[in-house]
Every structure is written in structure tokens, then in C-alpha cells.
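Student: I'd like to learn how to read a fold, one feature at a time. Let's put it on screen and start.

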Amino acid sequence: MIQSMTGYGKAETMLESGKISVEIRSLNGKNADISIKTTLLPKDKELYVRQLVAEGLKRGSIDVFVNFEANAAESAKQINQELVMEYFRQINELSGKLCSEFPNIDMTDYSFLLPTILRMPDVIDAKKTDVINDDNWPAVEACIREAIDRVNEFRSREGEILYKDVTAKVASILSYVDQVEAHEKERTEAIREKILGRFEELKLEPDQSRLEQEMIYYIEKLDINEEKVRLRQHCRYFMDTIDSDPQPGKKLGFIAQEMGREINTTGSKANNTDIQRIVVRMKDELEKIKEQSLNIL
């Protein structure tokens, strides 16, 4: 069964320092266009992750998100004790100078200083550690692979919907070809009557033998039998491809182009209002097929 290129997958894993979550979103694209939207992955792992995603998802415009939610202990901010002591030393030195300058001020109680010092620049800082490292990489890799699997599951469900929609439209085109045939006889007769009527208007007496030859030649030029045969063949090839090829998207697009050529030629040769209306319906179905084929893997 075919797959859509539209997909979404999410997976999570617990590390000692917190929870890693991997989200992958995929849209249609001509090739594997992978964008890794995270700063958590080590640089030496990015190329490997791209290869994992490309092998697992094959094609599409793909965004990979890696997020981290730290444990309470890990997320706690850290006090720079050396800097606190340095600030306190400088304040203590300053207080000595103040006491000698202003002997009436009591500078012996320093308890009020600590909250002030803690608000000073760079005293409190978040812990800066590498969330993903060699020790926990196997768990992170497994999480990425699981997210890829979830995307493929999503793509398969979407592929079932795409398959039903596209094949129904191909069947519609085939039914329209049958309708064209129903108007073939009246079309030929209308062409003949139009030519004879023109001679009557001009009050001319043509050579009947020559007239028949010219009529046959003219009607043959407008014959659409070959177009109908080729269009049916293209429709069958479309169905064979979508049923047998695991990644038929690009090929289906090419087949749809060939179907369009036959439909357009049929319309240009139609010379019949009813057939031209049917051709318009076939074009409408084909445009929808082309749009849907762009999203087939």
C-alpha cells in the first residue's frame, strides 16, 4: 500500500537528567529535505541523525525537533560560591573604611548583605551540562527511531485515504472515455451534415466520389480512437504502478502527464459539444490526481 509524504510522529525517553522528546513532521517534497531544529544534538551526531531520517522516511520536507525537560534537581540553578565570597570580601573591606570614616554607624551586622549579593551579576547561573552524551546516546537513538516509526504509521494511514481517492478518479476518467464513445456516431454524422450543408448553402454540385474521399480524409483527421486507446492504457499503467511500486509518487506524476496529453488531444479533435463537456470533466479529475500524486511517496 502506498504512503503519503504527510506525517507526524513523537516519541519520548527518560534519561538520568530528565525527559527527551523527539517530534518529526513531514510534508511533501521532491527529495529528502531534512531540517534538524535543536541545539541539543552533539555536532558529531547530526549527520548520523540525518542518515537515520533519510533511510526511514525516504522523501519529503522533514523537520526534526528534539526537546528536553530537566528533572527538578537538574533544573535547579547553581550559586557561584567563589564569586559570593569575593563580593563579600570587597564589601567587608569597604565597611572597614566606612567605620573609620563614620564611627557612629554600626557595620557589624552583615546578614542583610546576602540577599543583595545573590542579586549581583553571575552569582546565580543555571547548570550547563551536555544533555546528550555518549553514555545516553543509545537511548536517544532508540527514541529517534521510534519517532520515525510513528511517522511511517501516520503516512500509511494517510496513504490508504490517498489510494481510495486517486484510484476512484482514475476509474471516473475511464468511465468518461466510455461516454465519449457513446457520442462518436452522432459526431461523425454531424460533421458529414455540416459539410453537405455548406455545399447546399453555396449551391454547388460536388463530385460525389471525390467528396466521399475528402470526407473520409477529414473525418480521419478528427478521429480520436487512438487517443482513447492510449488513455485507457495510461490508466491501466497508473493502476498497475500504484498497486505494485512501494514508492510510486514520481512515476505516477509522469503517467498523469501522459494522460493529460491524450485528454487534451481528444478535446482539440472533439468538434462536438457533448464530448468537449466530458473532456472538461476528465481534465478536472486529472488535475486532482496530479495534486494528490505530489503527496504520494
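## Reading the fold

Tutor: Let's begin with burial: Ser21 counts as buried, since its relative accessibility is 10%. Buried here means under 20% relative accessible area, exposed means over 50%, and partly exposed is in between (1.4 Å probe, protein chains only). Before we go on, this is a predicted model with residues numbered from 1 along each chain as its sequence is written. Local features need pLDDT of at least 70 and side-chain atom pairs 80 or more, while totals for chains, interfaces and linings use all residues, and side-chain values use heavy atoms, with hydrogens and water left out.

Student: Where is Ser21 placed, and which residues does Ser21 touch?

Tutor: Ser21 sits in strand β2, which covers residues 18-27. Strands are DSSP runs of E with at least two residues, helices are runs of H or I with at least four, and both are numbered from the N terminus. Contact means heavy atoms within 4.5 Å. Setting aside residues up to four places away in sequence, Ser21 touches Lys10, Ala11 and Glu12, along with Phe65, Val66 and Asn67.

Student: Now the whole chain: how many helices and strands are there, and what share of residues is buried?

Tutor: The chain has ten helices and six strands. Of its 297 residues, 36% are buried. As for contacts between residues at least 6 apart in sequence, 80% of them join residues at least 24 apart.

Student: Show me one such case. Where is Arg155, and is Arg155 buried or exposed?

Tutor: Arg155 belongs to helix α5, and with 0% relative accessibility it counts as buried. Its C-alpha atom is 5.1 Å from that of Gly7, although the two residues are 148 apart along the chain. Neighbours within four places aside, the contacts of Arg155 include Gln3, Ser4, Met5, Thr6 and Gly7. Others among them are Ser26, Leu57, Arg59, Gly60 and Leu297.

Student: What about Arg150: which residues does Arg150 contact?

Tutor: Arg150 also lies in helix α5, but this one is partly exposed, at 28% relative accessible area. Beyond four places in sequence, Arg150 contacts Tyr8, Gly9 and Lys10. The C-alpha atoms of Arg150 and Ala11 are separated by 7.9 Å, with their positions 139 residues apart along the chain.

Student: Next, backbone angles. What is the phi of Lys58?

Tutor: The general idea is that most residues other than glycine have a negative phi. Lys58 isn't a glycine, yet its phi is positive, about 70°. You'll find Lys58 in the loop between α1 (43-57) and β4 (60-70), and it is partly exposed at 43% relative accessibility.

Student: How about another loop residue: where does His183 lie?

Tutor: His183 lies in the loop joining α5 (137-182) and α6 (184-202). It is buried, with a relative accessible area of 18%. Past four places in sequence, His183 touches Asn272, Asp274, Ile275 and Ile278.

Student: On to helix packing. At what angle do α8 and α9 cross?

Tutor: Axes are lines fitted to C-alpha atoms, for helices over the stretch in contact, and the angle between N-to-C directions runs from 0 to 180 degrees. Here α8 (residues 225-244) and α9 (residues 249-270) cross at roughly 160°, their axes coming within 9 Å. That is why the pair is called roughly antiparallel (the label for angles over 145 degrees; under 35 is roughly parallel, 65 to 115 roughly perpendicular, the rest oblique). Contact residues include Leu231, Cys235 and Phe238 of α8 and Leu252, Ile255 and Met259 of α9.

Student: And how do α9 and α10 pack?

Tutor: The angle between α9 and α10 (residues 273-293) is about 165°, and their axes are 10 Å apart. So α9 is roughly antiparallel to α10 as well. Among the residues that meet are Gly249, Gly253, Ala256 and Gly260 in α9, with Ile275, Val279, Met282 and Leu286 in α10.

Student: Last one: how many disulfides does a search of the whole structure find?

Tutor: A disulfide is a covalent bond between the sulfur atoms of two cysteines; the test is a pair of cysteine sulfur atoms within 2.5 Å. The search finds zero disulfides. As for individual cysteines, Cys143 is buried at 2% relative accessible area, and Cys235 is buried at 0%.
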